[in-house]
Structures are given as C-alpha cells and as structure tokens.
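Ready for some practice in reading a protein model? Keep the structure open beside you and work through each exercise before you look at its solution.

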Amino acid sequence: MNHWLKTIVACAVFFYTALRWTLLLEPSFTFADDPSPAHILSIFSSSLTTDEDYCLTSTDCAMNGECIRASKDPQAPGICHCYAGWKGNTCEVLDLLPIPSSPGLVLPNHTSSWGGSVIFHEDGWYHMFASEITHGCGLDDWTTNSQVIRARSQSPYGPYVKQQVILPTFSHDANVVLVEHTGEIVLFVTALLGVTPVNCTAGENEEGHPIRTDTTNSTAPPKDTYMLWAPHPEGPWSEPVLVLNSTIWNEDYWAKNHRFAHCDANLNGIIRKDNSFLGLWRRCETPDLLTIPHTLYASDWKNASTYQPSIEPLFVLTGSGAEDPSNIWTTVGKEGKIAYHAIFHDEQATRCMLGECPNVGRHAFSLDGKAWSYSKVNAYNGNIRFANRTTMVADTRARPHLIVKENQLLALSTGLKPTRESGYVYTLVQPLRLDGDETVATPA
C-alpha cells in the first residue's frame, strides 16, 4: 500500500470512528466485516453527501429528527438522525411500509369514501371520521352527496367498519381533534345541511362516471365550516356551530377576479392545554383558484366568536398552491424546542379544480405556530406498495391525516382515487416504519 493510500485510509478510519461515536453510522458495523480501503471509503462517502444536506440544528431536520455532529464546534456541520416514521436528508419524507390486506376504510357495495381523520380513544378503538359519497356516486358529486360518518377499528391500519352517520348531506372535510386534557372530541366539517343528493345508481357511462338520474341540484352549496363536539366518539354530538363563513372569507377573491367560487376551508388543527385552538385553513386567491394556506387562532375553541382567521399567506408557493392541511401534532427536540407539524396535499404542479389532481403531499413545521416552513420534497406520493407485492400508481392521493397514539406517528391516512377513468374513491391507511422495523405492519 503506497503512502497516499495509507493516508487516505487513516483519515477515513478517523472520520468513521468520529461518525460512529455520534451515531451517524449503523453501530453494528465493524471493520472486520470488510476491512478493505474501498469499503471504508464507500461508507464514509455515503454518509456525507453534499453541503445542502448538512445540518447545524434540529430545525435543519424539520424538527423530525436530531442534528448529530462529529465535532463539538457549534458551526461544524452534522447529519440529520430522523425520528421513527421519517427518512431523507432533512427528515421530511414519510418512511412508509407496504400496505396490509386491510387498507383502511373500504365501504361495501363499491361505495366511495374520502379523507379519514383518526383518533385513538381511551375505549381502545381507533375512530375514523370520513366522508361517505351516497347513492352510488363518486367524488365528482361530493358537493351534494357527501355525508360525514364514523367508523372504527382495533388496529390503526384497519379494517375500519362504519358505525354511524354524524351529519347527513351535505357535509364533508371531516377533521377530528381530541382535546387531550378533557377527553372531548371536536369535529370540524364543511356543511350545508338539507341538500338533496343526486342518484347515481343507474351505473356508469362510457367514461366510467356515474349516470345521474336526478340532477335537481344545479349549483354547489356554500362551503361554510362548522364545529361540533361530543364527550365520546359515539356522541351525543352538539349542534353544529358556524366558525368560518366561506362567503365572507372569499369575497375579496370574487371582487378581484369577478368569478364565483365557494372554496371549502379544510380547517384543521390542534387544541392546546389552555383551550386555545391553533388551526390551518385555505382559500381561493387567484383567477385559477390557486389556494393559499393560512393560520387561524381561537382563544377558546368552544366560543365561535373568538375564531380569528389570518389572511397572511402561510408560506410562498408556486403553481397552484396547497390544500387539505392534516391534523397538527407536536414534537419536542433535545434542544427543548417545541414544534408544530402538519402535512399538506401539494398542488404546485396541478390543481384539482382545473381538471387534474396530484397525488403528492408535503410536510410543514413551525416553532411558534405563526411562521411555517414548507418542505422542498414530497412526504408521500402516488406510488403505493402492498404487502402482497403488488403496486399501484394512484391518480389522486389527497386529504392526508397522520394517525397518532401517545405522541407516536403510526400511519398515514389519505383519500385515494385509483384511476382517472373511474369516479370511485376510498380511504387508504398506510403504516409507518417504527424504530427500525423492516417488516410489514399487520393489524393487531
């Protein structure tokens, strides 16, 4: 071995030892496994990539991991060590497992469902609140045929079985929030009760869309946001209370663009120990119906008069914006920083209301609930693997929700449209890898 090669190997050994000491590399590896200089150098080079992948603090890891450095120098770059459920250089890609045989909420008789929001309750069940599209219709008829239902499962991954109708047509965008310090269940929905659904039970046309035999509803209803609550997932539920009026909060869009549109707000969030509500919502803001996310704050989640939507953009977006904010969850890093997290359905490439709906989502986080950072990479996409080794590229994958139990992320719930040709949709639940588990998650 010549002098230069010895020097390179010596440097590689030094850096490898330092990296391993700080848990940057897999601790089970030893040089006895393969002591060749080429193998040592390959490990070193695969651990450190480019400058943009380095971190200085856990915020560079999107607060989904810790920044581990080989040096005590605070300016020395490190590498993100992701928490369970996350992967990637900046810990903003969900570490998804193949989907088991019970893929979430699949209603009988080919009935469509959309967007399952899930909580784990002390009764031992996972309760999902989702939209059921009635009378044989697909997602295209959500503004008339959607109703909010509750389903439950003893496993976070399903199968979820329908238990009751919470609100009849028209109701949609069900987002459930558990008030952890009181045990109350809060539900945010888009609704206008009393809308007569259309009938799509005559089959499908040549394009695969339901044939409607009753088209008495010629215009979409206003998409206002209501809040209702209950002491238990089964109820009894309070009367719905209006918390966000879509006419008021979209009127400047109408005034600027001279175009009529009711954009549902997709309101979701978290209720804190002081009973305040931190929410995320969206509205239409360009002629092409680009939707911009915003924050919403309420000092008392039960008092509708305290709900104050912000019109300041949450972050700068290109293309068609983002929608469908998930439930907000929190993490606390080793540095003591508390962070708020959410997943959005990303629409920067295409827009559902423009005829093409994307199948990707992105992560966002905030240290104060006001200023948010939006990821540059997708947290999930439409490439789906099943436990039986089959795969799918979904036409649409939206309405993301994270299933959380005792501060541990367990699974991703999304509304799924398998193909563009059919209007049929269902609610898919995909497990996350936990603590290095390489196996496919199975129902309990």
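Below are four exercises with worked solutions on this predicted model.

**Exercise 1. Work out the strand order of the open sheet that contains β13, and find its edge strands.**

Solution.
Step 1: Trace the sheet from one side to the other. Its four strands come in the order β13-β14-β15-β16, and the pairing is antiparallel.
Step 2: Look for strands that pair on one side only. These are β13 (268-271) and β16 (307-309), so they count as the edges by the pairing rule of at least two bridges.
Step 3: Zoom in on one pair. β13 and β14 (residues 277-284) run antiparallel and are joined by four bridges. Here Asn 268 stands opposite Leu 280 in β14.
A reminder that helps here: strands of a sheet pair through backbone hydrogen bonds, either parallel or antiparallel.

**Exercise 2. Find the loops that hold the cis peptide bonds before Pro 159 and Phe 170.**

Solution.
Step 1: Recall the usual case. Most peptide bonds are trans.
Step 2: Take the bond between Gly 158 and Pro 159. This bond is cis, with omega about 5 degrees. Pro 159 sits in the loop between β7 (146-153) and β8 (161-167).
Step 3: Take the bond between Thr 169 and Phe 170. Here too the bond is cis, with omega about -5 degrees. Phe 170 belongs to the loop between β8 and β9 (171-178).

**Exercise 3. Asn 109 and Asn 266 have a positive phi. For each, decide: buried or exposed?**

Solution.
Step 1: Remember the background. Most residues other than glycine have a negative phi.
Step 2: Start with Asn 109, whose phi is near 60 degrees. This residue lies in the loop between β4 (93-94) and β5 (112-120). Its relative accessibility is 76%. The cut-off for exposed is over 50%, so Asn 109 counts as exposed.
Step 3: Go on to Asn 266, with a phi of about 55 degrees. Its place is the loop between α5 (251-257) and β13. The relative accessibility is 0%. Buried means under 20%, so Asn 266 counts as buried.

**Exercise 4. The model has 10 salt bridges. For three of them, find where the partners lie and how accessible they are.**

Solution.
Step 1: Begin with Arg 282 and Asp 264, whose side chains meet at 2.7 Å, N to O. Arg 282 lies in strand β14 and Asp 264 in the loop between α5 and β13, so the pair ties together parts 18 residues apart in sequence. Arg 282 is buried at 4%, and Asp 264 is buried at 6%.
Step 2: Next comes Asp 324 with Arg 399, where the closest N and O atoms are 3.9 Å apart. Asp 324 is in the loop between β17 (322-323) and β18 (329-332), while Arg 399 is in strand β24 (residues 396-405), so this pair ties together parts 75 residues apart in sequence. Asp 324 is buried at 5%, and Arg 399 is buried at 2%.
Step 3: Finish with Arg 420 and Asp 395, whose closest N and O atoms are 3.0 Å apart. Arg 420 is in the loop between β25 (408-417) and β26 (426-431), and Asp 395 is in the loop between β23 (391-393) and β24, 25 residues apart. Arg 420 is partly exposed at 47%, whereas Asp 395 is buried at 16%.
Step 4: Look for shared partners. Salt bridges of this kind join Asp 173, Asp 324 and Arg 399 into one network.

Methods
Residues numbered from 1 in each chain as written. Predicted model: local features only at pLDDT ≥ 70, side-chain atom pairs only at ≥ 80, totals over all residues. Heavy atoms only, no water. Buried < 20%, exposed > 50% of the residue type's maximum accessible area, 1.4 Å probe, protein only. Salt bridge = Lys/Arg side-chain N within 4 Å of Asp/Glu carboxyl O.
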